[in-house]
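Grab a coffee and open the viewer. Below are some short exercises, each with a solution you can follow step by step.

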Amino acid sequence: MDKSLKIKRILSKIYNYTLVFIILCTFLFSGGCNNGRSGLSTDIVQNGKAPKITFSESEHDFGDINEGDVVTYTFDFTNTGNGDLLITDAHAQCSCTVPEWPKDIIKPGDKGDIKVKFDSNGKSGIVTKVVTIVSNANPNTTKVQIKANIKEQQKK
């Protein structure tokens, strides 16, 4: 068999395998990334229905607390829109402030809450922390904030 014919057959096989590999990768990576949230309504796209987060209050002042105190506050909200609400993330500026949020879908008219825990260890004076909530609402980010006047511990 001629060397050029062997090379052509080998190149043809490489081409075919590469083509099959590309097609498989396309199917694997375009299969959708719904992260297990298949119950989320697509009404926002199909019918113009959109969720909306409305907090009963967006700020909370703990007042005077002592350095080292760990305090919590719960921000209540309602989905005042007409589409299903899904909160995908809630985060603060630093690890001293930790939010907890509902992972399930909140239907229009339903209520939910975001619990914020603040650790004042190593802090003093007036401190304000902002928690950013990310969701499928419009706008997709909403902010709440906590504030405290932290009194330093007296050295013994």
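Two strands count as paired if DSSP finds at least two bridges between them. With that cut-off, Val131 can be placed: this residue stands opposite Val144 in S8. Keep in mind throughout that you're looking at a predicted model.

**Exercise 1. Take stock of the chain: how many helices and strands does it have, and in what order do the elements run?**

Step 1. Count the elements: the chain has two helices and eight strands.

Step 2. Walk from the N terminus, and the order reads α-α-β-β-β-β-β-β-β-β.

Step 3. Check burial as well: the chain has 156 residues, and 28% of them count as buried.

**Exercise 2. Work out which strands form the open sheet, and in what order.**

Step 1. Trace the sheet across: four strands line up as S2-S8-S7-S4, with mixed pairing, and the sheet is open.

Step 2. Look at the edges. Strand S2 (59-66) and strand S4 (87-92) each have a single partner strand, so each has one side without a neighbour in the sheet.

Step 3. Add the twist, which averages 20° from one strand to the next.

Step 4. Go pair by pair. S7 and S8 are antiparallel and share 10 bridges. S4 and S7 also pair in the antiparallel sense, over five bridges.

Step 5. Pin the register to residues. On the S7-S8 side, Ile133 sits opposite Thr142 in S8. On the S4 side, Ile87 faces Ser135 in S7.

**Exercise 3. Find the turn between S7 and S8, and say what joins Asn138 to Pro139.**

Step 1. Identify the motif: S7 and S8 make a hairpin, with five residues between them.

Step 2. Place the proline. Pro139 is in the loop that links strand S7 (125-135) to strand S8 (141-151).

Step 3. Read the peptide bond: Asn138 and Pro139 are joined by a cis bond, with omega at about 5°.

Step 4. Put that in context: most peptide bonds are trans.

**Exercise 4. List the salt bridges and say which parts of the chain each one ties together.**

Step 1. Start with the total: searching the whole structure turns up two salt bridges.

Step 2. Take the pair of Asp64 and Lys151, whose side chains meet at 3.7 Å, N to O. Asp64 belongs to strand S2 and Lys151 to strand S8, so this pair ties together parts 87 residues apart in sequence.

Step 3. Check how open this pair is. Asp64 is partly exposed, at 49% relative accessible area, and Lys151 is partly exposed too, at 42%.

Step 4. Now the other pair: Lys107 forms a salt bridge with Asp84, and their closest N and O atoms are 3.2 Å apart. Lys107 is in the loop between strand S5 (97-100) and strand S6 (111-119), and Asp84 is in the loop between strand S3 (70-79) and S4, so the pair ties together parts 23 residues apart in sequence.

Step 5. Sort these two residues by accessibility. The cut-off for buried is under 20% relative accessible area. Asp84, at 8%, therefore counts as buried, while Lys107, at 42%, counts as partly exposed.

Step 6. Look for another residue beside Asp84. Ile105 is also in the loop between S5 and S6, and its C-alpha atom is 6.3 Å from that of Asp84, although the two residues are 21 apart along the chain. Ile105 is partly exposed, with a relative accessible area of 28%.

**Exercise 5. Which cysteines does the disulfide join, and is each one buried or partly exposed?**

Step 1. Count: there is one disulfide.

Step 2. Name the partners: Cys94 is joined to Cys96, with an S to S distance of 2.4 Å.

Step 3. Compare each with the cut-off. Cys94 has a relative accessible area of 24% and is partly exposed. Cys96 comes in at 9% and counts as buried.

**Exercise 6. Which residues form the nonpolar patch on the surface?**

Step 1. Collect the members: Ile7, Ile10, Leu11 and Ile14.

Step 2. Give the area: together they have about 390 Å² accessible.

Step 3. Zoom in on one of them. Ile14 is in helix H1 (residues 3-29) and is partly exposed, with a relative accessible area of 47%.

Methods:
Residues are numbered from 1 along each chain as its sequence is written. This is a predicted model: local features need pLDDT of at least 70, side-chain atom pairs count only at pLDDT 80 or more; totals for chains, interfaces and linings use all residues. Side-chain values use heavy atoms; hydrogens and water are left out. Axes are lines fitted to C-alpha atoms, for helices over the stretch in contact, and angles run from 0 to 180 degrees between N-to-C directions. A salt bridge is a side-chain nitrogen of Lys or Arg within 4 Å of a carboxyl oxygen of Asp or Glu. Buried means under 20% relative accessible area, exposed over 50%, partly exposed in between (1.4 Å probe, protein chains only). Patches are made of residues with over 30% relative accessible area and no salt bridge: like charges are joined within 9 Å, nonpolar side chains (Val, Leu, Ile, Met, Phe, Trp, Tyr) within 5 Å. Accessible areas come from the Shrake-Rupley method with a 1.4 Å probe; for residues, only the protein chains shown count as cover. A disulfide is a pair of cysteine sulfur atoms within 2.5 Å.
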